[in-house]
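These are notes for a colleague opening this entry for the first time. Please read them with the structure on screen.

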Amino acid sequence: MTFARRLTRIIDIFYLPPLRRLVPLQTFRYAVCGGANMGFDLLLYFILYNFVLDKEGVVHLGDFVAVSSYNAAWMIVFPITFFTGFWLNRYVTFRHSPLPTGTQLFRYLLSIGGSVVVNYAGLKFFVEFCGLWATPSQMLATFVTMIYSYLAAKYFTFRHAEV
């Protein structure tokens, strides 16, 4: 049995009768996988921003490029959680999508592009306009992005996937 199949079985253990009446199995799996990936993302972000980048105001990438440390942390974390998110969606949540993996990966990249815009704008808004700290701002931006991401995954990236 593959790791993905084992993980799916573990997740399904928690799909209890009260939840079955409220939430479809695919949505439940998506929420669990998305929540795990989001937690992984926030943990990595917290460690990078607070300890690796040490909350520096600006990170210099060469002579002409400067990025705020909260955005630099996000830029480092993004590729990691991009691939963990795709793997979880492809092999746990939307296992039976008729689309080829390459097509799914390309569509996932496009939908994540939208997520990047939503997340970046949200992070900028919460940090620079609302004056919130970077980590709570990232949490709020992630929540808004999560809603967009689910809709894009279900109706675009992994369209016609069966449970």
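**Notes on the predicted model**

1. The structure holds zero disulfides. It is a predicted model, and the points below should be read with that in mind. Two cysteines can be looked up: Cys33 is buried, since its relative accessibility of 5% falls under 20%. Cys130, at 40% relative accessibility, counts as partly exposed.

2. Helix 1 covers residues 3–13, and Ala4, Thr8 and Ile11 are buried in it. These three residues sit on the same side of helix 1, because the arc they cover around the axis is only 65°. The general background is that an α-helix has 3.6 residues a turn, so residues three or four places apart point the same way. Turned away from the buried side is a face that carries the exposed residues Phe3 and Ile13. Helix 3 (25–52) and helix 4 (69–93) are among the parts that cover the buried residues of helix 1.

3. Which residues have the most contacts inside the largest nonpolar core? They are Tyr45, Tyr49, Tyr70, Ala73, Leu123 and Ala134, in a core of 13 residues. At least two residues of this core come from each of helix 3, helix 4 and helix 5 (101–129). Helix 4 gives the largest share, five residues.

4. Tyr45 deserves a look of its own. Leaving out residues up to four places away in sequence, Tyr45 touches Tyr70, Ala73, Trp74, Val77, Leu123, Ala134, Thr135 and Gln138. A second core, separate from the one above, has ten residues, including Tyr30, Phe86, Tyr108 and Tyr150.

5. How many cavities of 30 Å³ or more does the structure hold? There are two of them, and the largest has about 480 Å³ of space. Its lining is made up of 24 residues, with Asn37, Ile112, Thr142, Thr145 and Ser149 nearest the centre. Helix 3, helix 4, helix 5 and helix 6 are the elements that give two or more residues to this lining.

6. Thr145, one of the residues nearest the centre of the largest cavity, lies in helix 6 (residues 134–157). Is Thr145 buried or exposed? Its relative accessible area is 10%, so Thr145 is buried. Apart from residues up to four places away in sequence, Thr145 touches Ser115, Val118 and Asn119.

Notes: Residues numbered from 1 in each chain as written. Predicted model: local features only at pLDDT ≥ 70, side-chain atom pairs only at ≥ 80, totals over all residues. Heavy atoms only, no water. Disulfide = S-S within 2.5 Å. Buried < 20%, exposed > 50% of the residue type's maximum accessible area, 1.4 Å probe, protein only. Helix = DSSP H or I, 4+ residues; strand = E, 2+ residues; numbered from the N terminus. Arc of directions from axis to C-beta. Contact = heavy atoms within 4.5 Å. Core = buried A, V, L, I, M, F, W, Y, C linked by side-chain atoms within 4.5 Å. 1 Å grid on protein atoms, 1.4 Å probe; cavity = no way out; pocket = protein on both sides within 12 Å on 5 of 7 lines; lining within 4 Å. Points joined across faces, edges and corners; volume = space filled by probe spheres on them.
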